[in-house]
Amino acid sequence: MSYINDTIADRFRDKSFDIAKDDYKFIKIKKAKEDIKKRYPDMELIDLGIGEPDLPADPNIVRILSQEAGKSKNRRYADNGIPEFQEAAATYLDKIFGVKNINPYKEILHGIGAKSILSMLPLCFINPGDITITTLPSYPIMATHTKYLGGVVYGLPLTKENNFYPDFSNIPNIILYRSKLLYINYPNNPTGQVPTKEFYKEVIDFARKNNIVVVADSSYAAITFDGEKPLSFLSIDGAKDVGVEIHSLSKSFNMTGWRLAFIAGNPDVINIFSKVKANSDSGQFRAIQKAGIYALNNHEITHKNCEKYSRRFDLLIDILKEVGFDAKKPKSTFYCYIPIPKGTKSGKVFKNAEDFSLFLLNKAFICTVPWNNPQPYVRLSVTFEAQNLNEEKKIINEIRKRLLNLELIF
Ligand SMILES: Cc1ncc(COP(=O)(O)O)c(C=O)c1O
């Protein structure tokens, strides 16, 4: 008999872990997707569930990686990063978001992806019993690590009624008193909602009043369309006094697998984060950081992606509305978030978002990502694989046909 399972830490037996539930949901959908592919090998599955770009990184980014990869001076541990990357990140913040007065050496640090940065921040602040405030739904990494450390997570629902912004006004004092971290993510995955200056001002006031450190996850901040200007948390007066912002090269520059991001803002946060990071990893490969510098200096790469996502949304939202969905084009991200239908004309009633998502997969071969908490919605991503406008139109027409066939009722 193996004793290994008995020695695993108690925290992994805690059924309340959101990440466990989320993992379970994603695994279930993934498994259902694999089953469908096996059972119907000739049927074309349309994957609107993927949360990453459909194209590789720009050829110039790839060229720089291949040039730099073999250079002897790049072979070493990169530790807390190369200064040129920090400088490029500071210039990027200024050029794209108008963020001034950031000291690249004391107020910026690279990370091996936003996920890795988010996983280390609770270690800087959370003692057992301390609280991280997050939104519901939310990218779960900071919440998960808060729980790993014996901390507690308090969720603020993002609902249609609140226009998908958290309501800070109803948090009980007992929660506020124990809260150390606030995690926000705008433009938001999965709702597609964008930040406003007023919202960020409210966040800063709330944080200052309650001595809370803000972590603004701006992984999608540069992906905007229809005249929406990229907005950074750090561009708002007072932001640097209360927190940090995270930018990722994953989504803006089609570099998800490359693992490169940066954290910027309050120097005390950066300082303590740098200690945890130095004891957790040895930095991203210098050649990848150098390719990242090229990316940060060439915003037109992101701009090209934005045009594509916007064009695809125009097509997709039209057909979703025609089918009967309450769908609205987002101004940013590559996600749209739509309430589930009641059921079908033939009598099927959808119990929850997961039920609907599995129905779509089984009956229409369309993959989506469901959320039930706080409201039953599914997320559709426009990062499906298509090489050109004609292919995009073909796929969207196919989605239309398949959805209309389901005879959904709303
Ligand atoms: C809100 C949000 N933050 C962070 C990440 C992870 O970014 P990275 O690839 O830089 O780790 C994702 C990825 O889906 C995300 O949606």
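Is Tyr3 buried or exposed? Let's start there and then move on to the annotated domain and the ligand, all in a predicted model.

**View 1. Tyr3 at the start of the chain.** Tyr3 has a relative accessible area of 58%, and because the cut-off for exposed is over 50%, Tyr3 counts as exposed. You will find Tyr3 in the segment before α1, the helix that covers residues 4-7.

**View 2. A nonpolar patch on the surface.** Tyr3 also belongs to a nonpolar surface patch, together with Ile4, Ile8 and Phe12. Taken together, these residues have about 430 Å² of accessible area.

**View 3. The annotated domain.** According to an unreviewed UniProt entry, residues 45-389 carry the annotation "domain: Aminotransferase class I/classII large". Helix makes up 39% of the span and strand 17%. If you look for the two ends of residues 45-389, their C-alpha atoms are 19 Å apart.

**View 4. Residues around the ligand.** Here you can see the surroundings of the ligand, made up of 14 residues. Those that come nearest are Asp217, Ser248, Ser250, Lys251 and Arg259.

**View 5. Polar side-chain atoms facing ligand oxygen atoms.** For Ser250, a polar side-chain atom is 2.6 Å from an oxygen atom of the ligand. In the side chain of Ser248, an N or O atom lies 2.7 Å from a ligand oxygen atom. Asn189 places a polar side-chain atom 2.8 Å from an oxygen atom of the ligand. On its own, the ligand has 400 Å² of accessible area, and the protein covers 91% of that.

Definitions and conventions. Residues numbered from 1 in each chain as written. Predicted model: local features only at pLDDT ≥ 70, side-chain atom pairs only at ≥ 80, totals over all residues. Heavy atoms only, no water. UniProt positions renumbered as here; feature names shortened; annotations may be inferred. Helix = DSSP H or I, 4+ residues; strand = E, 2+ residues; numbered from the N terminus. Patch = residues over 30% accessible without salt bridge, like charges linked within 9 Å, V, L, I, M, F, W, Y side chains within 5 Å. Areas by Shrake-Rupley, 256 points an atom, 1.4 Å probe, with all protein chains shown as cover. Salt bridge = Lys/Arg side-chain N within 4 Å of Asp/Glu carboxyl O. Buried < 20%, exposed > 50% of the residue type's maximum accessible area, 1.4 Å probe, protein only. Near = heavy atom within 4 Å. Polar contact = N/O pair within 3.5 Å; in protein donor to acceptor, adjacent residues only side chain to side chain.
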